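This report is meant for someone meeting the structure for the first time. Please look over the chains below before reading on.

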Amino acid sequence: MPRIGMQAVKGTVVLALPLIALAIVAELFLPAALARLATLYLIYVTAVIGMQIYSGNSGIISFGHAGFMALGAYGSALLTIQPAVLSTSLPDLPSWLAVIAGGQTLPVGMLGALLVVGLVAALFGLPLARLGGAAASIATLGFLVIVHVTLVASVDITRGSQTFFGVPRGVSTWEALPVALVAVAVARIYRGSKGGLSLRAAREDEIAARASGVNVVRQRFIAWVLGGLVSGAAGVLLAHFLGAFSPKDFYFNLTFLLMSMLILGGISTVSGAVGGTALIVVMVDLLRRLEGGADVFGLQLPQVFGLTDIGVGVVILAVMYRLRDGLFGLREVDERLFPEPVVKAARPDPSNASDQISLSIKGVGRRFAGLVALEDVSFAVRPGLVTGLIGPNGAGKSTLINAISGVVPPSSGHVLLNGTDTALVPVHEVPMRGLGRTFQNIRLFRNLTVLENVTVAADAVARPNEDSRAAAMAALEVVGMQELAARPASSLPYGAQRRLEIARALALRPSFLLLDEPAAGMNPAETDALIVVLRQIRADHRIGLLVVEHDLKLIMRLCDHIVVLNKGQMIAEGTPEDIRANPAVIEAYIGKRRAAA
Amino acid sequence: MDIFLQQLLNALSLGGTYALLALGLAVVFSIIGLINFAHGELMTVTGYAICFALIWGLPFPLAVIGGLVVAVAAAVLMERVAFRPVRGASGTTLLLTSFAVSAILRVLFQNVISARPIPVSIPTSLSGVITIGPLHLGTIQLISIIVTLVMLLGLNLFLHRTMAGRAMRAASEDFAVLRLMGMRANSIVATAFAISGLLAGVAGILWVAQRGSVDPLMGALPVLKAFIAAIIGGLGSLSGAVAGGFLLGFIEVILQAYLPESLLPYRDAFAILLVIGVLLFRPQGLLARKTIIKL
């Protein structure tokens, strides 16, 4: 069950009202031509929202959603086509299809089409979800081409590149409105749901999202299928709006148009999709009138083919050059108009900790080609204590951290976290088994709020019926940041960003916390504040801390136990006093001659 | 066996063109992270340049040189005018910018030149068929294979033996550091686009020579294939782009040869599906660049 917050309800209502108003005005007061334009707008809004669900949340530009529209259009058209037309225009229809084709009602057509769309989306989603960034965009482009080629080639079913006609025209504003409203609600609820939030986190920083327990591949898959269904529904509407169409109506020109609508409003919000589509629909309609060579103030304009395409292209360029987040920016209209009330912190019940809380590094070694980065390192991080990991540059600290968090599996030995070998579970599962971590170079979800940053992690470990936002707020309280909850993470000062990372890791309710150079770049006052926070975490939560740090003073002040690496080998282990007195450590840090002197 | 050899040559010729295009995309991508949708329009521009040069009565070799010069100039100009304002922006921004540039250029071609294909009079000496034993090889096909190999070899020499080439390779590894070494960003990016334009130009000429006409959408389809080739090879990897181009060429030729007649119209769909299927097993592409992520 997705989390349907008040904010999603507010957002849906805020966007639904203008759409409903438009439909009423169009049907009751506007001339037929403008009413048709309003219907077309509602269809485009639905299609663009489908794109927004995938692209907006994952950050991957999709060229494929016109393909979903095509599948929806042809699927529904085949089911609903007038039987008289069917027998003459598609005489060679395969028999299995001939049984169900023709004469069905629009709802049946919609249902059948969405079934096909969902199936195709799921199949293509399997490889696609594993891709990110530009490669994923190109794969969606591949999807569009595949759909197009298949439609053109399946002459017996689609009439190939010829026009498919005889589809009952039954879509006016009244039919398009409910579909558009459902699309708005689905997109708005998904955006705020656990899945949508975690996908937005992955959009901001995939590595940090995985370390916060997000299964990025699964979330991308869900958004792709969900968005596909919504765009597919728009395709169904368009088919029954036009009555006749061919595959080229669902190819690059349409993709280009949908893209401009999404970009102009701003890809990250549903509000942007609704607003941007409105502006582009009006612009394209005006340009289309000019295209034929109009007479403006006595000036005879020449006939220009593709004026609309130029207009759309210029809009995209203008947005990219001047206004990258689009007209509506990064936050929904409702989030600006009615900011959500402050969330009350509620510390979740302590994790019914398993009997075996342990993090042991057993004989871990790692080779890169011929280079031995780490050799036979063994030690244990004990719950409720602070273990320090130090060593000169190149000692193998980063390699060890990557081995512990499961990012780079060791070539020999094991890391056992509460009984699980971290190399054997997917990276995003390691945090759920009890290991939280922070990063050397801060990795926050920059365009999410402070609270959202932490909620992503709290969601990953939330039990049913548990309010993960309240839990996230409790984690923020630990680091003293509850007042900053509504701020975007990118607006925080440096020290606060570091503390936010710690809060995010804490929200995973870890039994162990791995802090990678937490004091790097901090001034003395910030470092002192950090030490207070870390001591408190150790005292209150009985968490075992593993701190990697260059700042020896900090390590000596904070740690109960210290492990020293040098050249890939563990050269010492003990209390701060032991380490301070250990000749091997002094030699590694200062050099032999000075140490002897 | 002979049929197989014949198909092999066909695949080399087609794959070579894809490889040149994918390489042009990868050179730019590896340095500024831009997937250039307008790469296809560079091909088209080259086609038009040759077409008009021949109409004006220039001899064919001069027309070819003219076409290449125009391609390089167009690529550099495109960078200066359209892409410099968004340099350093996210991959998404760059992608969309080039998408828009490509669409605008197509409409301009349609309006300023013609929406219809214009025939290009390729010298008849190029349209012959050479018969070596049992193999029939079109002259243009042969030339296309040779030119592709020469271009790949030349680029390889340039990248490894010249100062500018080394700078390019360094830039594809880490642009920021290269700039700290005192290299000028603008000149490196301009060089990347010039090379990319040259590769698109060569591919454009080979394409026009085989088809004998130019139209506004000429570059769209081959560049679409080149995109696919580039991701299958591993985006940003130069050798990956070449390998991906040849692989896609082979897949297409094999499908063309062995698909049953009734399935032939689906060839491109099958080819892309096969290629994307590979990504299930190698999400980073075949020859992915080893990116070391500093955690």
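The text goes through the domains, a helix pair, a sheet and the contact between chains.

The model is predicted. Chain A is divided into domain 1, residues 6-247, and domain 2, residues 359-596. Taken over C-alpha atoms, the centres of domain 1 and domain 2 of chain A are separated by 45 Å. In the contact between these domains of chain A, 16 residues of domain 1 meet 21 residues of domain 2. On the side of domain 1 of chain A that touches domain 2 of chain A, α10 (194-204) and α11 (206-211) of chain A are the elements that give two or more residues. The largest share of that side, 6 residues, comes from α10(A).

Helix α1 (residues 6-29) and helix α2 (residues 32-58) of chain A have axes that come within 9 Å and cross at roughly 155°. Because angles over 145 degrees count as roughly antiparallel, α1(A) and α2(A) are therefore roughly antiparallel to each other. Their crossing is left-handed. From α1(A), Leu19(A), Leu22(A), Ala23(A), Ala26(A) and Glu27(A) meet Leu34(A), Ala35(A), Ala38(A) and Leu42(A) of α2(A).

Chain A also has an open sheet of 6 strands with mixed pairing, in the order β8-β9-β10-β5-β11-β12. Its edge strands are β8 (435-437) and β12 (569-574) of chain A, and each pairs on one side only. From one strand to the next, the twist averages 20°. Helix α17 (residues 397-404) of chain A packs on the sheet, where α17 touches β5 (386-390), β9, β10 (544-548) and β11 (561-566) of chain A. The direction of α17(A) makes about 150° with that of β9(A). Strands β8(A) and β9(A), the latter spanning residues 512-516, run parallel and are joined by 3 bridges. Arg437(A) has Leu514(A) in β9(A) as its bridge partner.

How many residues does each chain bring to the contact of chain A with chain B? Chain A gives 40 residues and chain B gives 36 residues. On the side of chain A that touches chain B, α6 (106-128), α7 (133-153), α13 (252-265), α15 (307-322) and α17 of chain A each supply at least two residues. The most comes from α7(A), with 13 residues.

The table gives three of these contacts by residue class.

| Contact or side | Nonpolar | Polar | Charged |
|---|---|---|---|
| Side of chain A that touches chain B | 26 residues | 11 residues | 3 residues |
| Contact of α1(A) with α2(A) | 8 residues | no residues | 1 residue |
| Side of domain 1 of chain A that touches domain 2 of chain A | 7 residues | 4 residues | 5 residues |

Note on methods
Residues are numbered from 1 along each chain as its sequence is written. Chains are lettered from A and ligands numbered from 1 in the order in which they are written. This is a predicted model: local features need pLDDT of at least 70, side-chain atom pairs count only at pLDDT 80 or more; totals for chains, interfaces and linings use all residues. Two strands pair if DSSP finds at least two bridges between them. Helices (H or I, at least four residues) and strands (E, at least two) are DSSP runs, numbered from the N terminus. Axes are lines fitted to C-alpha atoms, for helices over the stretch in contact, and angles run from 0 to 180 degrees between N-to-C directions. Two residues are in contact if their C-beta atoms, placed from the backbone, lie within 7 Å. Ala, Val, Leu, Ile, Met, Phe, Trp, Tyr, Cys and Pro count as nonpolar, Asp, Glu, Lys and Arg as charged, and the others, Gly among them, as polar. Angles under 35 degrees count as roughly parallel, over 145 as roughly antiparallel, 65 to 115 as roughly perpendicular and the rest as oblique. A crossing is left-handed if the near helix is turned anticlockwise from the far one by less than a right angle, and right-handed if clockwise. Domain bounds come from an automatic or database domain assignment.
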